[in-house]
Amino acid sequence: MQTLTSLPDLRAARAALPEPVGFVPTMGFLHEGHISLARRARAECASVVVSIFVNPTQFGPKEDLAAYPRDLPRDLALLESAGVDLVWTPTPEVMYPPGFQTWVAAEAITQPLEGGMRPGHFRGVTTVVAKLFNVVQPQKAYFGQKDAQQAAVIRRMTEDLNFPIEIVVCPTMREPDGLAMSSRNTYLNPEERRAATVLNRALSAAETVFAAGERDAGRLRQVMSETLAAEPLARPQYVSCADPETLAELNGPIERALLSMAVFMGKTRLIDNRVIENVRKI
Ligand code: AMP
């Protein structure tokens with residue numbers, strides 16, 4: 001496994017890789033969620049490239065950029081054992097050279113949910129992913145359903161900008177108690193960690209009533225909110241039942257929806273989601 005930092009080194013190494021190339025962009029402090037993407041890429045592609053870059057432009061001024069957890073030696077060992085060929089660890093100076101002023105921004109799809117709570121976040125995401133795509137030139141790129149809006153935004157951008165890249169969205173990996181894996185889970189104290197299972201429980205509660213025939217979007221939001229309200233440590237920021245592609249909030253009867261939420265546990269902001277669908281039995 002090669003680990004490279006400079007742009008010229010990466011370009012030269014990329015040119016020599018057998019195709020198709022599968023690419024997994026990450027911010028590091030890797031867990032089984034990230035590794036599941038690398039494994040899927042390994043199974044589907046001749047070469048696997050992973051980037052590790054804590055992208056400053058997707059963090060708001062009051063967010064956790066400086067505190068974001070990092071452990072490069074551990075990350076590299078995990079990627080090596082997942083069979084990754086090349087790890088790119090660019091510095092902020094490589095990605096954002098002096099004078100940088102060109103941005104990629106998707107519009108309506110970035111306005112609700114995470115985009116509504118984190119102004120500028122998706123402009124940072126689409127800009128850095130477009131730059132990573134331009135340099136790595138993968139045939140396939142792998143993203144997690146854990147960040148459902150991010151996956152939808154990247155799909156939109158890829159189509160809008162004619163990147164010849166197939167976007168593959170992989171299932172959310174969870175801890176045994178249902179908490180979605182996240183690098184930010186490391187911020188939780190033991191009490192918050194126990195309480196954090198409420199996000200998955202709220203999604204399950206809504207899915208259960210949907211399976212029992214409830215179709216009203218407002219009622220599904222209500223079921224999620226009531227479950228969250230029963231956990232005193234949880235401070236919900238939004239609870240949503242939205243169109244899985246456009247992310248527009250839904251009202252009235254639904255057949256398919258993205259249920260999602262952002263919840264503060266102490267100072268830690270957690271997100272989770274699930275797609276529900278009425279599959280007709282034949
Ligand atoms: P991050 O390092 O948080 O930017 O995440 C890098 C990629 O891993 C993104 O595509 C995430 O959606 C994905 N990812 C993060 N957590 C999980 C998880 N629990 N299961 C599956 N994919 C994940």
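Pro-69 is placed in the loop between strand E3 (47-52) and helix H3 (72-81), where helices (H or I, at least four residues) and strands (E, at least two) are DSSP runs numbered from the N terminus. With a relative accessible area of 11%, Pro-69 is buried, a term that stands for under 20% relative accessible area, whereas exposed stands for over 50% and partly exposed for values in between (1.4 Å probe, protein chains only). Pro-69 and Gln-145 are separated by 76 residues in sequence and, from C-alpha to C-alpha, by 21 Å in space. The model is a predicted one, in which local features need pLDDT of at least 70 and side-chain atom pairs count only at pLDDT 80 or more, while totals for chains, interfaces and linings use all residues. Residues are numbered from 1 along each chain as its sequence is written, and side-chain values use heavy atoms, with hydrogens and water left out.

The surroundings of the ligand comprise 17 residues, of which Met-27, His-34, Asp-147, Met-173 and Met-181 come nearest; a residue is counted as near if one of its heavy atoms lies within 4 Å of the molecule. By class, this shell contains eight nonpolar, seven polar and two charged residues, with Ala, Val, Leu, Ile, Met, Phe, Trp, Tyr, Cys and Pro taken as nonpolar, Asp, Glu, Lys and Arg as charged, and the others, Gly among them, as polar. Strand E2 (21-26), helix H2 (32-44) and strand E5 (140-144) each supply at least two residues of the shell, and H2 gives the most, with three residues.

Polar contacts, defined as pairs of N or O atoms within 3.5 Å, link the ligand to side chains and to the backbone. An oxygen atom of the ligand is 2.7 Å from an N or O atom in the side chain of Asp-147, and an oxygen atom of the ligand is 2.9 Å from an N or O atom in the side chain of His-34. A nitrogen atom of the ligand, in turn, lies 2.9 Å from a backbone N or O atom of Met-181. Of the 490 Å² of accessible area that the ligand has on its own, the protein covers 92%, as calculated by the Shrake-Rupley method with a 1.4 Å probe.

The largest nonpolar core, a set of buried Ala, Val, Leu, Ile, Met, Phe, Trp, Tyr and Cys residues joined through side-chain atoms within 4.5 Å, has 39 residues, of which Val-129 and Phe-133 touch the most other members. At least two residues of this core come from each of helix H1 (7-15), E2, strand E4 (86-88), helix H6 (121-136), E5, helix H7 (148-160) and strand E8 (256-265), with the largest share, nine residues, supplied by H6. Because domain 1 (2-170) and domain 2 (183-272) both give residues to this core, it lies between them; the domain bounds come from an automatic or database domain assignment.

Several loops hold further local features. Most residues other than glycine have a negative phi, and most peptide bonds are trans. The peptide bond from Glu-19 to Pro-20, however, is cis, with omega near 0°, and Pro-20 is found in the loop between H1 and E2. Phe-29, in the loop between E2 and H2, has a positive phi near 50° and is partly exposed, with a relative accessible area of 22%. Leu-247 likewise has a positive phi, near 70°, but is buried at 0% relative accessibility.

Note on methods: A polar contact is a pair of N or O atoms within 3.5 Å; within protein, one must be able to donate a hydrogen and the other to accept it, and residues adjacent in sequence count only if both atoms are side-chain atoms.
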